[in-house]
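Biologist: I'd like to go through this model with you and hear what each label rests on. Can we start?

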Amino acid sequence: MPRPVHPKKEVESALKHAEAQGWRVEIGGAHAWGRIYCPYNDMTCRFGLFCIASVWSTPKNAGSHAKALRRVVDNCVIRKARYARDSE
């Protein structure tokens, strides 16, 4: 069953970017629309602090929130290391 679409198109685009990188999107939470989870979830990757990010349902600025989600995905240390190793 496909996941529900986020109401903000910028955030939905960032979620699709995260899914393309292997991140898992889970819907629901106390105050969030959902969360994204890193596929590696490695404690050596900044102590696992950036392996989960909350997705807000009604962010104050959808563009900034989407940009922040993309930054979390793109700055994954394990992903960067694997990409660098594969490109050699």
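Biologist: Why is H6 called buried?

Modeller: Buried means under 20% relative accessible area, exposed means over 50%, and partly exposed is anything in between (1.4 Å probe, protein chains only). H6 comes out at 3%, so the label is buried. Before we go on: this is a predicted model, where local features need pLDDT of at least 70, side-chain atom pairs count only at pLDDT 80 or more, and totals for chains, interfaces and linings use all residues. Residues are numbered from 1 along each chain as its sequence is written, and side-chain values use heavy atoms, with hydrogens and water left out.

Biologist: What pLDDT does the protein average?

Modeller: The average is 86, and 89% of the residues score at least 70; pLDDT is the predictor's confidence in each residue, from 0 to 100. Among the elements, helix 1 (residues 9–20) has the highest mean, 97, and helix 3 (residues 77–87) the lowest, 71.

Biologist: What makes up the list of elements, and how do they run from the N terminus on?

Modeller: Helices (H or I, at least four residues) and strands (E, at least two) are DSSP runs, numbered from the N terminus. That gives 3 helices and 3 strands, in the order α-β-β-β-α-α. H6 sits in the segment before helix 1.

Biologist: Which residues does H6 touch?

Modeller: Contact means heavy atoms within 4.5 Å. Not counting residues up to four places away in sequence, H6 touches V11, E12, L15, W33, V55, W56 and S57. Its side chain also reaches the backbone oxygen of W56 at 2.8 Å. That passes as a polar contact, because the rule is a pair of N or O atoms within 3.5 Å; within protein, one must be able to donate a hydrogen and the other to accept it, and residues adjacent in sequence count only if both atoms are side-chain atoms.

Biologist: With which side chain does the side chain of R3 make a polar contact at 2.9 Å?

Modeller: That one is E12, and the side chain of E19 is reached at 2.8 Å. Both distances fall within the 3.5 Å limit, so both go down as polar contacts. R3 lies in the segment before helix 1. Its contacts beyond four places in sequence include L15, K16, V25 and W33.

Biologist: W33 keeps turning up. Why does W33 count as buried?

Modeller: Its relative accessibility is 13%; that is under 20%, so it earns the label. W33 lies in the loop between strand 1 (24–27) and strand 2. Its C-alpha is 5.1 Å from that of W56, 23 residues apart along the chain. Outside its sequence neighbours, W33 is in contact with residues including R3, H6, L15, V25, I27, V55 and W56.

Biologist: How many aromatic pairs does a search of the whole structure find?

Modeller: It finds 0. A pair needs rings of Phe, Tyr or Trp (its six-membered ring) with centres within 6.5 Å; planes under 30 degrees apart would be stacked, over 60 edge-to-face and the rest tilted.

Biologist: And how do you know that R24 lies over the face of Y37?

Modeller: R24 is at 4.5 Å from the ring centre. A charge sits over a ring if NZ of Lys or CZ of Arg is within 6 Å of the centre and within 35 degrees of the ring normal, so the distance fits.

Biologist: Which residues touch the most other members of the largest nonpolar core?

Modeller: Of its 18 residues, V11, L15, W23, I36, V55 and L69 do. Helix 1, strand 3 and helix 2 (62–74) each supply at least two residues of this core. Such a core is a set of buried Ala, Val, Leu, Ile, Met, Phe, Trp, Tyr and Cys residues joined through side-chain atoms within 4.5 Å.

Biologist: Why does L69 count as buried?

Modeller: Its relative accessibility is 4%, under the 20% cut-off, so buried it is. L69 is in helix 2 and touches V11, A14, I36, A53, S54 and V55, leaving out residues up to four places away. A53, in strand 3, is buried too, at 10%.

Biologist: What makes P39 partly exposed?

Modeller: Its relative accessible area is 40%; that lies between 20% and 50%, so P39 is partly exposed. P39 is in the loop between strand 2 (34–37) and strand 3 (52–55), and beyond its sequence neighbours it is in contact with Q21, G22 and W23.
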